[in-house]
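Please take a moment to look over the structure shown here before reading on. The paragraphs that follow begin where the chains meet and then turn to each chain separately.

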Amino acid sequence: MINWLEQHLVTCLSVKYLGMECPGCGMQRAFIALLRGQFADSLHYNPALLPFLITVVMLLFHLKFDFKHGARSIVIGFAFTTVLMVVNYVLKQVHIYGH
Amino acid sequence: MEIPNENTPNDQQVTQQFNQQFNTSDPTNNLGGGTPLPNATAVLVLGIVSIATCWCYGIIGLTCGIIALVLSNKSLAIYKTNPSTFTVSSYKNLNAGRICAIVGTILSGLHLIYIVAAIAVLGITFGSVLGGALLGS
């Protein structure tokens with residue numbers, strides 16, 4: 001299953017045609033690393049995947065069970081994901097083009 | 001603000017108080033009606049999806065975000081005509097989805113602008129290289 005996923009990675013359109021990474025690049029590698037239990041690698045590939053998955057799981061549970069503070073926690077999770085994604089992307093861009 | 005006739009004055013006061021407090025504090029009581037707002041779930045899901053689809057130059061994210069915003073505006077208008085008939089949780093979901101959609105739309109838009117700017121810069125670079133080659137300089 002994991003090997004199949006690893007052999008069928010989708011190339012990012014941004015990388016394919018423009019040669020520059022998008023904020024979501026590394027998500028698939030991060031997901032595979034997560035499936036293998038390699039949390040550090042997962043965070044290294046894309047730190048935003050873990051909070052994003054947590055937010056999605058939270059969303060599904062909230063839609064099913066309707067928690068009292070569900071909506072607010074989803075917004076917090078979403079904000080956390082977004083901030084991580086943006087900071088990671090900006091740092092990556094600075095690292096690539098800043099030198 | 002129209003309140004159904006079957007509500008007693010006391011109920012009206014409670015509802016009004018609740019609506020005034022709603023934006024400032026988190027209500028622990030459920031004074032809303034029994035009907036969920038239309039599209040509240042859809043707005044929430046679309047809002048979250050809008051941030052996850054940056055791999056397509058931000059176009060999908062922008063589309064999802066804008067659809068979510070339009071839906072949430074419609075639902076908010078419906079909610080404002082008669083707040084007491086809708087469930088509080090669906091209103092909270094709608095607001096949460098709206099926030100996510102706004103953030104997702106803005107970020108997707110920024111990403112699209114960044115990509116367009118990058119293409120423009122690349123285009124100028126390639127153009128000047130090509131021009132230089134043609135001119136022999």
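In this predicted model, a reader may begin with the polar side of the boundary between chain B and chain A, where 4 residue pairs are in polar contact, both residues of each pair being at pLDDT 80 or more. On the chain B side of this boundary, the elements that give two or more residues are α2, which covers residues 40-52, and α4, which covers residues 88-135. Of these, α4(B) provides the largest share of the side of chain B that touches chain A, with 15 residues. Sorted by character, the residues on that side divide into 19 nonpolar, 7 polar and 2 charged.

The extent of the boundary can be described in two ways, by residues and by area. Counted by residues, 28 residues of chain B are in contact with 28 residues of chain A. The size of an interface is often given as the accessible area lost when the parts come together. For chain B and chain A the area buried between them is about 2300 Å², and 79% of it lies on carbon and sulfur atoms. Salt bridges between chain B and chain A number 0.

One residue lets the reader look at this boundary from the other side. T82(A) belongs to helix α6 of chain A, which runs over residues 70-97, and when residues up to four places away in sequence are left out, T82(A) touches I51(B), V103(B) and L107(B). With a relative accessible area of 5%, which is under the 20% limit, T82(A) counts as buried.

Chain A itself is built with 6 helices and 0 strands, so that, read from the N terminus, its elements follow the order α-α-α-α-α-α. Chain A has 99 residues, of which 36% are buried, and among its contacts between residues at least 6 apart in sequence, 38% join residues at least 24 apart.

Within chain A, helix α3 (residues 27-35) offers a useful place to look at the packing, since M27(A), A30(A), I32(A), A33(A) and L34(A) are buried there. The buried residues of α3(A) pack against four other helices of chain A, namely α1 (2-7), α4 (39-45), α5 (49-65) and α6. Just after α3(A) comes G37(A), which takes a positive phi of about 85 degrees.

Where, then, do salt bridges occur, given that the count over all chains comes to 2? One of them joins the side chains of E6(A) and R36(A), with N and O at 2.9 Å. Because E6(A) lies in helix α1 of chain A while R36(A) lies in the loop between α3 and α4 of chain A, this pair ties together parts that are 30 residues apart in sequence. E6(A) is partly exposed, with a relative accessible area of 38%, and R36(A), at 38% relative accessibility, also counts as partly exposed. Another salt bridge is formed by K92(A) and E21(A), whose closest N and O atoms are 2.9 Å apart. This pair links distant parts of the chain, with K92(A) in helix α6 of chain A and E21(A) in the loop between α2 (13-18) and α3 of chain A, 71 residues apart. E21(A) counts as partly exposed, at 24% relative accessibility.

Aromatic rings provide another set of contacts, and the structure holds 5 aromatic pairs over all chains. In the pair F65(A) and F67(A), the ring centres are 6.3 Å apart and the planes stand at 35 degrees, so the pair is tilted. F67(A) is partly exposed, with a relative accessible area of 41%. Ring pairs also join F61(A) with F65(A) and F67(A) in a cluster.

Chain B has 4 helices and 0 strands, arranged from the N terminus as α-α-α-α. Buried residues make up 39% of its 137 residues, and among contacts in chain B between residues at least 6 apart in sequence, 79% join residues at least 24 apart. An aromatic pair is found here too, for the rings of Y79(B) and Y91(B) have their centres 4.0 Å apart and their planes at 15 degrees, so the pair is stacked. Since Y79(B) lies in helix α3 (residues 59-81) of chain B and Y91(B) in helix α4 of chain B, the pair ties together parts that are 12 residues apart in sequence. Y79(B) counts as buried at 8% relative accessibility, and Y91(B) is buried with a relative accessible area of 8%.

Terms used
Residues numbered from 1 in each chain as written. Chains lettered and ligands numbered in written order. Predicted model: local features only at pLDDT ≥ 70, side-chain atom pairs only at ≥ 80, totals over all residues. Heavy atoms only, no water. Contact = heavy atoms within 4.5 Å. Buried area = accessible area lost by both parts, 1.4 Å probe. Salt bridge = Lys/Arg side-chain N within 4 Å of Asp/Glu carboxyl O. Polar contact = N/O pair within 3.5 Å; in protein donor to acceptor, adjacent residues only side chain to side chain. Nonpolar A, V, L, I, M, F, W, Y, C, P; charged D, E, K, R; others polar. Phe/Tyr/Trp six-rings, centres within 6.5 Å; stacked < 30°, edge-to-face > 60°. Buried < 20%, exposed > 50% of the residue type's maximum accessible area, 1.4 Å probe, protein only.
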